[in-house]
Amino acid sequence: MNFLESPEERKAIVKNYYKKTETYLLNNTTDRSNIVDDFSCLIRTRSELYDAEKQACIDKFKYNFELNSALKGWGNSLKCNRCEMERFSRIFCKNCIVLMLKSKKWDSGNTYINSYIGRHQINMPFPRFVMEWIPSDQFNNLTEIGKGGFTLVFKAIWKNGRTHSYNEHDQVFTRTPPREVVIKVLNKNPCENFFKKVIII
Ligand SMILES: [Zn+2]
């Protein structure tokens with residue numbers, strides 16, 4: 001380890017070891033039932049990483065495993081106690097989360113945006129990836145930082161923070177603390193290309 005490394009350099013080093021270990025396991029494991037334990041063992045042998053960094057990698061891998069189980073059917077088939085549909089993740093039932101999202105009342109005021117977000121939520125309802133309508137009163141300290149084409153760009157503090165995980169018992173997303181975000185304000189109606197950009201970001 002080099003104590004002169006900046007936080008950004010450490011982040012890149014950890015990311016690199018995470019990716020290498022993940023790729024190795026995904027390419028060499030057909031039975032994914034023990035893949036979280038396998039990942040934990042391998043990452044703990046990386047002497048280049050601090051203990052806290054190893055733990056952060058393990059937590060991230062566990063989360064991604066549950067997400068991939070829910071999305072791609074990794075792991076064992078289970079019957080959900082709540083909705084009685086098939087599920088593959090212990091922490092995410094896709095059907096339950098979609099039902100929770102559909103029960104929420106929100107309206108962007110634009111039928112195209114409502115329909116786009118609604119469709120996206122059905123395909124990808126999981127925390128960190130789910131698309132949401134955020135009303136403007138959720139943003140504090142709005143400051144203009146740029147202008148270009150059909151957009152004005154602001155930075156602001158998002159009071160609620162983005163979705164972080166899911167509390168199945170209370171059927172709510174858990175969220176990050178308030179965080180700084182960049183907001184683009186459109187001067188004309190959004191089109192399909194705008195949403196493609198939103199997803200890529
Ligand atoms: Zn369910």
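Two residues are in contact if their C-beta atoms, placed from the backbone, lie within 7 Å, and in this chain residues 24 or more positions apart account for 39% of the contacts with a separation of 6 or more. The model is a predicted one, in which local features need pLDDT of at least 70 and side-chain atom pairs count only at pLDDT 80 or more, whereas totals for chains, interfaces and linings use all residues. Residues are numbered from 1 along each chain as its sequence is written.

Begin with the whole chain, whose C-alpha atoms fill a box of roughly 55 × 55 × 30 Å along the principal axes, and display the six helices and seven strands, which are DSSP runs numbered from the N terminus (helices H or I, at least four residues; strands E, at least two).

Next, colour by pLDDT, the predictor's confidence in each residue from 0 to 100; the chain has a mean of 88, with 91% of its residues at 70 or more. Select helix H4 (residues 94-103), which has the highest mean pLDDT among the elements, 96, and then helix H6 (residues 192-200), which has the lowest, 54. Where pLDDT is low, the predicted coordinates should not be read in detail.

Now select strands E3 (residues 139-148) and E4 (residues 151-158), which pair in the antiparallel sense over seven bridges, pairing being assigned if DSSP finds at least two bridges between two strands. Two residues separate E3 and E4 in this hairpin, and Gly 149 in the turn has a positive phi of about 55°.

Finally, add strand E7 (residues 179-186), which runs antiparallel to E4 and is joined to E4 by eight bridges. Centre on Val 153 in E4, which stands opposite Gly 146 and also opposite Lys 184 in E7.
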